[in-house]
Amino acid sequence: GPLEEVSIPLYFGWFLLFSVKNKIKCTSMDFLKTLDTLDAFKKHSVDFTGKAEKEVDLEQYFKPAGILHCTTKFCDYGKAEGAKEYAENQAVIKSYGSISDLSLSAFFVTPRTCGARVYLTEEQLQLWPADAEKQAEPVPEAAASLPLGSRAHITLGCAEGVEPVQTGIDLLEILAQQESQQGELVEEMELGSLTYYGEGKWLLNLREPICVPACFSSIYG
Ligand code: ACK
């Protein structure tokens, strides 16, 4: 009946605990601040501005994301494919409300989005939908063959007019390029190694993953 339908949320995911939100925001801001001052970045700033040699202030360029989280399943109140099955999955029901550590392994930036890659544990993968990588639209070529969990991310910011769903798609595109070794290692930074994937796509692989506690839950709003 209609009551059952409204009980399916907009999306499920891991929500960063209040105490670590600022830490992640600060670390990613520091990364953006450093990135847009690098000569290698300035050389490609046309990807962001449309004009050669024009400077970009990445902190201004990206509008901050709302609630910091890593989506597991976008349900759209039951309208998304597989939403009901996911909400009724035993692993999902059992883990609901539990806290685990998310391991952030990279930061990435494209002209559309800015995000953090999340490296999921075997246990966390139990909550990851089998078709999450294939459901991206449009599916970046070669992304369908990436390992389960490749799309896991935290959206940190989006360019004007860009929807957060784009962040996972951008990540898949970068990882598909990483797989076929298309990146160009640009610089060893304090946090890790910075690689350029063309068309304004940058990925910083963290030397030390950042661990943040998060609660597996859902959003109705
Ligand atoms: O940044 P995100 O992972 O991208 O978190 C938000 C969240 O759901 C609420 O909008 C994600 N999202 C939106 N549409 C989809 C979709 N079709 N597939 C997967 N994730 C989606 C969005």
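# Close-up views of a predicted model

**View 1. The ligand and its surroundings.** In this view, a polar side-chain atom of T155 lies 2.4 Å from an oxygen atom of the ligand. On its own, the ligand has 450 Å² of accessible area, and the protein covers 75% of that area. Keep in mind as you look around that this is a predicted model. T71 also takes part: an N or O atom in the side chain of T71 is 2.8 Å from an oxygen atom of the ligand. For H69, the corresponding distance from a side-chain N or O atom to an oxygen atom of the ligand is 2.9 Å. Which residues can you find around the ligand? They are Y11, H69, T71, F74, R151, H153, T155, P164 and V165.

**View 2. T72 in strand β3.** Here we look at T72, which is found in strand β3. Is T72 buried or exposed? With a relative accessible area of 5%, T72 is buried, because buried means under 20%. The side chain of T72 makes a polar contact of 2.9 Å with the side chain of Y86. Setting aside neighbours within four places in sequence, the residues in contact with T72 are F12, G13, W14, Y86, L127, W128, P129 and F216.

**View 3. The loop between β3 and α6.** Two residues of this loop are worth finding. Y77 lies in the loop between β3 and α6, and phi of Y77 is positive, near 60°, in a residue other than glycine. Y77 has a relative accessible area of 32% and is partly exposed. G82 is in the loop between β3 (69-74) and α6 (83-88) too. The relative accessibility of G82 is 32%, so G82 counts as partly exposed. Now look for P129: it is 47 residues from G82 along the chain, yet the C-alpha atoms of G82 and P129 are separated by 8.9 Å.

**View 4. Helix α2 and its two faces.** Helix α2 runs through residues 18-35. How many ångströms should its 18 residues span? At 1.5 Å a residue the expected span is 26 Å, and the end C-alpha atoms are 27 Å apart, which agrees. Try picking out the buried residues of α2: V20, I24, T27, S28, F31, L32 and L35. They cover an arc of only 140° around the axis, so they sit on the same side of α2. A little background helps here: an α-helix has 3.6 residues a turn, so residues three or four places apart point the same way. On the face of α2 turned away from the buried side, you will find the exposed residues F18, S19 and N22.

**View 5. Helix α9 and what covers it.** The 15 residues of α9 should span 21 Å at 1.5 Å a residue, and the end C-alpha atoms, 22 Å apart, agree with this. Which residues of α9 are buried? They are T167, G168, I169, D170, L171, L172, I174, L175, A176 and Q177. The cover over the buried residues of α9 includes the strands β4 (99-109), β5 (113-119), β6 (153-159) and β9. After α9 comes Q181, with a positive phi near 50°.

**View 6. Q182 between α9 and β7.** Q182 is found in the loop between α9 (165-179) and β7 (184-188). With 49% relative accessibility, Q182 counts as partly exposed, because exposed means over 50%. A polar contact of 2.8 Å joins the side chain of Q182 to that of S180. Not counting residues up to four places away in sequence, Q182 touches Q177 and Y197. G198 is 16 residues from Q182 in sequence, and their C-alpha atoms are 8.8 Å apart in space.

**View 7. E199 and S218.** Our last stop starts in the loop between β8 (192-196) and β9, where E199 lies. E199 has a positive phi of about 50°, although it is not a glycine. At 59% relative accessibility, E199 counts as exposed. S218, in turn, lies in strand β9 (residues 202-219). S218 is buried, with a relative accessible area of 11%. Where does the side chain of S218 make a polar contact? Its partner is the side chain of Y96, at 2.6 Å. Leaving out residues up to four places away in sequence, S218 touches P9, Y11, F12, F15 and Y96.

Note on methods
Residues numbered from 1 in each chain as written. Predicted model: local features only at pLDDT ≥ 70, side-chain atom pairs only at ≥ 80, totals over all residues. Heavy atoms only, no water. Helix = DSSP H or I, 4+ residues; strand = E, 2+ residues; numbered from the N terminus. Expected span 1.5 Å × (residues − 1). Buried < 20%, exposed > 50% of the residue type's maximum accessible area, 1.4 Å probe, protein only. Arc of directions from axis to C-beta. Contact = heavy atoms within 4.5 Å. Polar contact = N/O pair within 3.5 Å; in protein donor to acceptor, adjacent residues only side chain to side chain. Near = heavy atom within 4 Å. Areas by Shrake-Rupley, 256 points an atom, 1.4 Å probe, with all protein chains shown as cover.
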